[in-house]
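Subject: Handing over a structure

Dear colleague,

I am passing on a structure for you to look at, and below it you will find my notes on what was found. Please keep the view open while you read, so that you can follow each part in turn.

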Amino acid sequence: ATEGLVLDENGPCTQVVVSAPTFCKLFITIIGNPVHVSEPKNGINALEIACRAINELRLGFIKKGVTFNIGMFTAGTAANTVPGRATMECDLRSFDNEKLLNSLHKIKNKFKKQTKLLKGKIIFQETFGYYAYKTGNTGILKKLKAVYKRMGLKPNFFSTFGGSDANIFNNKGIICAPVGSGYYNAHAYNE
């Protein structure tokens with residue numbers, strides 16, 4: 001196949017995604033030194049390091065066209081122990097790979113700074129789940145326009161910050177567009 005449709009978009013069948021972002025998942029592990037709460041000066045509080053770094057960051061749209069989210073956060077092992085470890089799973093997205101990489105670098109530097117100040121250790125691991133695409137006025141979009149016209153439907157061509165198999169296919173040279181599949185509230189509890 002050289003083109004196709006991906007049935008993975010929120011809303012009616014007239015929803016058509018024409019561009020989607022690059023997605024980077026960032027795992028952050030901060031390692032401190034756990035001690036009993038009665039001797040906090042002998043420990044290194046990984047939770048405190050994480051909180052100080054997060055306090056220096058923005059979440060959501062951190063700059064035009066770039067989103068950053070900390071979706072999962074865990075710290076410590078017991079209420080009476082200074083947390084010796086904090087872990088975060090983060091999501092970074094952008095249509096512009098250079099902006100994404102610059103933002104990733106700045107985020108990591110904020111965490112490194114606080115980790116160094118409080119004498120902890122930090123481990124970063126990032127994975128790129130998929131890369132941005134923009135279909136332009138390709139054959140598949142022309143065919144969709146013709147089909148919608150014959151059916152008397154008005155299509156909604158738009159960009160999204162979500163990703164799908166279309167990201168993978170488009171980056172492999174198979175021009176694809178996700179279309180609405182009749183589901184709503186994607187990734188919400190009432191989907």
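Before the notes begin, one term is needed: two residues are said to be in contact when heavy atoms of theirs lie within 4.5 Å. Please also keep in mind that this is a predicted model.

With that meaning of contact in hand, you can look at helix α2, which lies across β3, β4, β5, β6 and β7 and runs at about 165° to β7. The strands that α2 crosses belong to an open sheet of five strands, whose order is β4-β5-β6-β3-β7 and whose pairing is antiparallel. Which strands stand at the edges of this sheet? They are β4, residues 60-63, and β7, residues 121-130, and because each has a single partner strand, one side of each is left without a neighbour in the sheet. Neighbouring strands of the sheet are turned against each other by 25° on average, if direction is ignored. Helix α1, made of residues 46-55, also packs on the sheet, where it touches β3, β5 and β6, and its direction makes about 25° with that of β6.

The pairing can be followed strand by strand. Starting from the edge strand β4, three bridges join it to β5, residues 66-75, and the two run antiparallel; within this pair, F61 has T67 of β5 as its bridge partner. Strand β5 in turn pairs with β6 over nine bridges, again in the antiparallel sense, and here the bridge partner of I70 is C90 in β6. On the other side of the pairing list, β3 and β6 run antiparallel and are joined by ten bridges, with T22 standing opposite S94 in β6.

Is β6 largely enclosed or largely open to the outside? Seven of its ten residues are buried, so β6 is largely enclosed by the rest of the structure.

Some single residues are worth finding in the view as well. S103 lies in helix α2, which spans residues 97-117, and S103 is buried, with a relative accessible area of 3%. Not counting residues up to four places away in sequence, S103 touches I62, K63, V66 and L92.

A second buried residue is Q15, which has its place in strand β2, residues 15-20. Its relative accessible area is 17%, and it counts as buried because the cut-off is under 20%. If neighbours within four places in sequence are left aside, Q15 is in contact with E9, N10, N156, F158, P178, V179 and G180.

Two exposed residues complete the notes. K119 sits in the loop between α2 and β7 and is exposed, with a relative accessible area of 65%; its phi is near 65°, which is a positive value in a residue other than glycine. M151 is found in helix α3, residues 139-151, and is exposed as well, with a relative accessible area of 53%. Together with V147 and L153, M151 makes a nonpolar surface patch of about 240 Å².

With best wishes

Note on methods:
Residues are numbered from 1 along each chain as its sequence is written. This is a predicted model: local features need pLDDT of at least 70, side-chain atom pairs count only at pLDDT 80 or more; totals for chains, interfaces and linings use all residues. Side-chain values use heavy atoms; hydrogens and water are left out. Patches are made of residues with over 30% relative accessible area and no salt bridge: like charges are joined within 9 Å, nonpolar side chains (Val, Leu, Ile, Met, Phe, Trp, Tyr) within 5 Å. Accessible areas come from the Shrake-Rupley method with a 1.4 Å probe; for residues, only the protein chains shown count as cover. A salt bridge is a side-chain nitrogen of Lys or Arg within 4 Å of a carboxyl oxygen of Asp or Glu. Helices (H or I, at least four residues) and strands (E, at least two) are DSSP runs, numbered from the N terminus. Buried means under 20% relative accessible area, exposed over 50%, partly exposed in between (1.4 Å probe, protein chains only). Two strands pair if DSSP finds at least two bridges between them. Axes are lines fitted to C-alpha atoms, for helices over the stretch in contact, and angles run from 0 to 180 degrees between N-to-C directions.
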